[in-house]
Amino acid sequence: MDFDLIIRTAAAIAVLGTAVVYGTDVFCAIVLRPALAALDDRALVAVMGRVHFYGDRRMPVPGVIGVLGSAVSAALAVVAGLWAQAIASGIALVLLLVWLGIYLRVSAPVNRELTAAAEAGQTVPNGLALQAKWDGVINVRALLQGLAVAALCVTLAI
């Protein structure tokens, strides 16, 4: 069995999944965040509630692909004794798990509240504050995803 080929294939698949989430987070940080700052609570809740409705249902697929690909790449690299690849893939995995923790603790609760309000056709009096809380972690989320992509690329390059 050619462990190196399997490790690289898993890392390449992980790059593709992680890059989707990375690109989305970067878009949110540099385009969506400043655009939303000009909205009132009603418009913000209507727009972001719908964005989160679809995002929370569709974005887990590339996220899981990134995490699983990183884990497979790291585990197989350890088994094969390819320590540089194991470390690079392991770093990517840790970064993605930290990202997931931030998402679950900060972003997901905001997403759920905005989605529920939008689905009910209502607004929330603290919509801008909720969005500010979400915005407060988007740069860190984008950075973690970008570093994970870079670590996975190191796995592919060595």
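Here are legends for a set of close-up views of this predicted model.

**View 1. The largest pocket and the helices around it.**
Let's start with the open space in this predicted model. The largest pocket holds about 510 Å³ of space. A total of 24 residues line the largest pocket, and the closest to its centre are G55, M59, W99, Y103 and R141. Which helices supply at least two residues each to the lining? They are α1 (3-36), α2 (41-58), α3 (60-80), α4 (83-119) and α5 (127-157). Helix α1 gives the largest share of the lining, with 6 residues.

**View 2. What kinds of residues line the largest pocket.**
How many residues of the lining are nonpolar, polar and charged? The split is 14 nonpolar, 7 polar and 3 charged. Keep W99 and Y103 in mind here, as they are among the residues closest to the pocket's centre, and they come back in View 4 as a ring pair.

**View 3. F53 and Y54, an edge-to-face pair.**
There are 2 aromatic pairs in the structure. A pair of aromatic rings is described by the distance of the centres and the angle of the planes. For F53 and Y54, the centres are 4.9 Å apart and the planes sit at 85 degrees, which makes the pair edge-to-face. Is each ring's residue buried or partly exposed? F53 has a relative accessible area of 18%, so it counts as buried, the cut-off being under 20%. Y54, at 43%, is partly exposed.

**View 4. W99 and Y103, a stacked pair.**
Now for the other arrangement of rings. The centres of the W99 and Y103 rings are 5.4 Å apart. Their planes are at 5 degrees, and planes under 30 degrees apart count as stacked, so this pair is stacked. Where do the two residues sit along the chain? Both belong to helix α4, and because they are 4 residues apart there, about one helical turn separates them. W99 is buried, at 12% relative accessibility. Y103 is buried too, at 16%.

**View 5. S73, a buried serine in helix α3.**
S73 is part of helix α3. Its relative accessible area is 0%, so it is buried. What does the side chain of S73 meet? A polar contact of 2.7 Å links it to the side chain of S89. Setting aside neighbours within four places in sequence, S73 is in contact with I7, A10, A11, S89 and T155. Notice that S89 turns up both in this contact list and in the polar contact.

**View 6. G127, a buried glycine in helix α5.**
G127 belongs to helix α5. This residue is buried, with 0% relative accessible area. Which residues touch G127, once neighbours within four places in sequence are left out? They are D41, L44 and V45. Now look for V79: G127 and V79 are 48 residues apart in sequence, and their C-alpha atoms lie 49 Å apart in space.

**View 7. A75, a partly exposed alanine in helix α3.**
A75 sits in helix α3, as does S73 from View 5. Is A75 buried or partly exposed? At 41% relative accessibility, A75 is partly exposed, whereas S73 is buried at 0%. To get a feel for the spacing, find A19 as well: A75 and A19 are 56 residues apart in sequence, with 21 Å between their C-alpha atoms.

Notes
Residues numbered from 1 in each chain as written. Predicted model: local features only at pLDDT ≥ 70, side-chain atom pairs only at ≥ 80, totals over all residues. Heavy atoms only, no water. 1 Å grid on protein atoms, 1.4 Å probe; cavity = no way out; pocket = protein on both sides within 12 Å on 5 of 7 lines; lining within 4 Å. Points joined across faces, edges and corners; volume = space filled by probe spheres on them. Nonpolar A, V, L, I, M, F, W, Y, C, P; charged D, E, K, R; others polar. Phe/Tyr/Trp six-rings, centres within 6.5 Å; stacked < 30°, edge-to-face > 60°. Buried < 20%, exposed > 50% of the residue type's maximum accessible area, 1.4 Å probe, protein only. Polar contact = N/O pair within 3.5 Å; in protein donor to acceptor, adjacent residues only side chain to side chain. Contact = heavy atoms within 4.5 Å.
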